[in-house]
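This report goes through selected features of one protein chain, by element and by residue. Please read it alongside the sequence and the structure below.

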Amino acid sequence: MKKLGSYRCSGQMIAVAVLLLGLVGNAHSQGRVTVQEPSKSNKTTDDDGWGQPAPRKNNRRANEQNRPSRETEKVFRRIQEDDIDYAPPQKLIEMSFRVAPSVTLNTAEGFNSYAGFRDNGAALRMSIGPSIDYFFFKDRYSLSSGIWYTIHRSGYRIPGQFGQTVWDPGAKLQQSSYNLQYIQLPLAVKMYANNLFPNARFYIQTGGLINIKLAEKPLDSVHNALFQNAEDGGNYSRQYSRGSLSLLLGTGIQYRLNQSQALLLGISYQRGLTDVARARDLVSKNHVVSLDLGLKF
């Protein structure tokens, strides 16, 4: 029994000695060696977490986040004329064809035997023809001209006693309407602005028109007071002058289809400057508002 107790005592002493040696060794090693773990922060730096530069990667998500700001910068550059995506004219002279549904109207003011004449409202007519642009200053300014076939309507409301030798205050109101066919020769300056959006440019034009009358045709000749008055006199003569002058104002958008073709969409206003009525005591001027549709080539 004594021998067995001595064995147990010696075993416990050995275990305690081994534990003490382990603690001393661990403390010694902790005093000499330090371990640095990789950084787990979310900072977007060039450090790889170990104090060394990280390799560059293609970060697609970051590029997508920066895309709106890049588009905004592109718009600002375009406004500042640093990035113009509308190709300048490839030729010094550009041709186009114009089709213009138009609202035509006229003024009327009569004196003496024509007293009481008034205008007779507006009507829809058409204007077609080729146009030409000659660029004389970079791609911003051009001289614009052409040859247009245009129909104007001129109408009057006429007092019932017009053309009668006997005064009749109760006579019914009469009317008169004519289609006036013109060849128009425009001469204007067209000015182009920066792009409104890709491939589209805003323009304005100002100038004048020479109107050369080809024909005049009375409408509803049976009830046309001007026509009937001339017929009753036995010597019919024209009721309108052979030519006139008009002011031309317009604006619109030119949309490029390719390097040589573009669509035109605009609106123009023609204001008559000279009297078109042939009678000395009647003053009438034609005005036109047109929707301009065209193809430039």
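## Helix α3 and its packing

In this predicted model, the buried residues of α3 pack against three strands: β6 (148-158), β7 (174-197) and β8. Those buried residues are Ala225, Leu226, Phe227 and Ala230. An α-helix has 3.6 residues a turn, so residues three or four places apart point the same way.

Leu226 also takes part in a contact at the start of α3, where its backbone nitrogen lies within 3.3 Å of a side-chain oxygen of Asn224.

## The largest nonpolar core

The largest nonpolar core has 17 residues. Which of them touch the most other members? They are Tyr114, Phe117, Tyr156, Ile158, Leu226 and Leu282. The elements β6, β7 and α3 each supply at least two residues of this core.

Phe117 has contacts with Tyr156, Ile158, Leu226 and Leu282, among others. Its list of contacts, which leaves out residues up to four places away in sequence, also includes Ala108, Glu109, Gly110, Arg157, Pro159 and Phe162.

## Aromatic residues

A search of the whole structure finds 9 aromatic pairs. One of them joins Phe136 and Tyr141 in a tilted arrangement, with 6.4 Å from centre to centre and 40° between the planes. Phe136 is partly exposed, because its relative accessible area is 45%. Tyr141 counts as partly exposed too, at 32% relative accessibility.

Several aromatic side chains belong to one cluster, made up of Tyr114, Phe117, Tyr156, Phe162, Tyr178 and Tyr240. Within this cluster, Tyr114, Phe117 and Tyr156 are also among the core residues that touch the most other members.

## Strand β9 and its neighbours

Strand β9 covers residues 243-256. It pairs with β8 in the antiparallel sense over 13 bridges, and with β10 (residues 262-272), again antiparallel, over 11 bridges. The connection between β9 and β10 is a hairpin with 5 residues between the strands. On the β9 side of these pairings, Ser246 stands opposite Leu209, and Leu248 has Gln270 of β10 as its bridge partner.

Which face of β9 is covered and which is uncovered? The covered face consists of Ser244, Ser246, Leu248, Gly250, Gly252, Gln254 and Arg256. The uncovered face holds Gly243, Leu245, Leu247, Leu249, Thr251, Ile253 and Tyr255. Ser246 and Leu248, named above for their bridges, thus both sit on the covered face.

## Positive phi angles

Asn112 is not a glycine, yet has a positive phi of about 55°. The residue lies in the loop between β2 (109-110) and β3 (118-119). Asn112 counts as exposed because its relative accessibility is 63%, over the 50% cut-off.

Asp220 is another non-glycine residue with a positive phi, near 50°. Its place is the loop between β8 (200-219) and α3 (225-232). With a relative accessibility of 45%, Asp220 counts as partly exposed.

## Confidence

The mean pLDDT of the chain is 79, and 67% of its residues reach 70 or more. Over residues 31-45 the pLDDT stays under 50, and the model gives this stretch 5 contacts beyond four places in sequence. Residues 79-85 also have pLDDT below 50, with 13 contacts beyond near neighbours in sequence. Where pLDDT is low, the predicted coordinates should not be read in detail.

Note on methods: Residues are numbered from 1 along each chain as its sequence is written. This is a predicted model: local features need pLDDT of at least 70, side-chain atom pairs count only at pLDDT 80 or more; totals for chains, interfaces and linings use all residues. Side-chain values use heavy atoms; hydrogens and water are left out. Helices (H or I, at least four residues) and strands (E, at least two) are DSSP runs, numbered from the N terminus. Buried means under 20% relative accessible area, exposed over 50%, partly exposed in between (1.4 Å probe, protein chains only). pLDDT is the predictor's confidence in each residue, from 0 to 100. Contact means heavy atoms within 4.5 Å. Two strands pair if DSSP finds at least two bridges between them. A polar contact is a pair of N or O atoms within 3.5 Å; within protein, one must be able to donate a hydrogen and the other to accept it, and residues adjacent in sequence count only if both atoms are side-chain atoms. A nonpolar core is a set of buried Ala, Val, Leu, Ile, Met, Phe, Trp, Tyr and Cys residues joined through side-chain atoms within 4.5 Å. Rings of Phe, Tyr and Trp (its six-membered ring) pair if their centres lie within 6.5 Å; planes under 30 degrees apart count as stacked, over 60 as edge-to-face and the rest as tilted.
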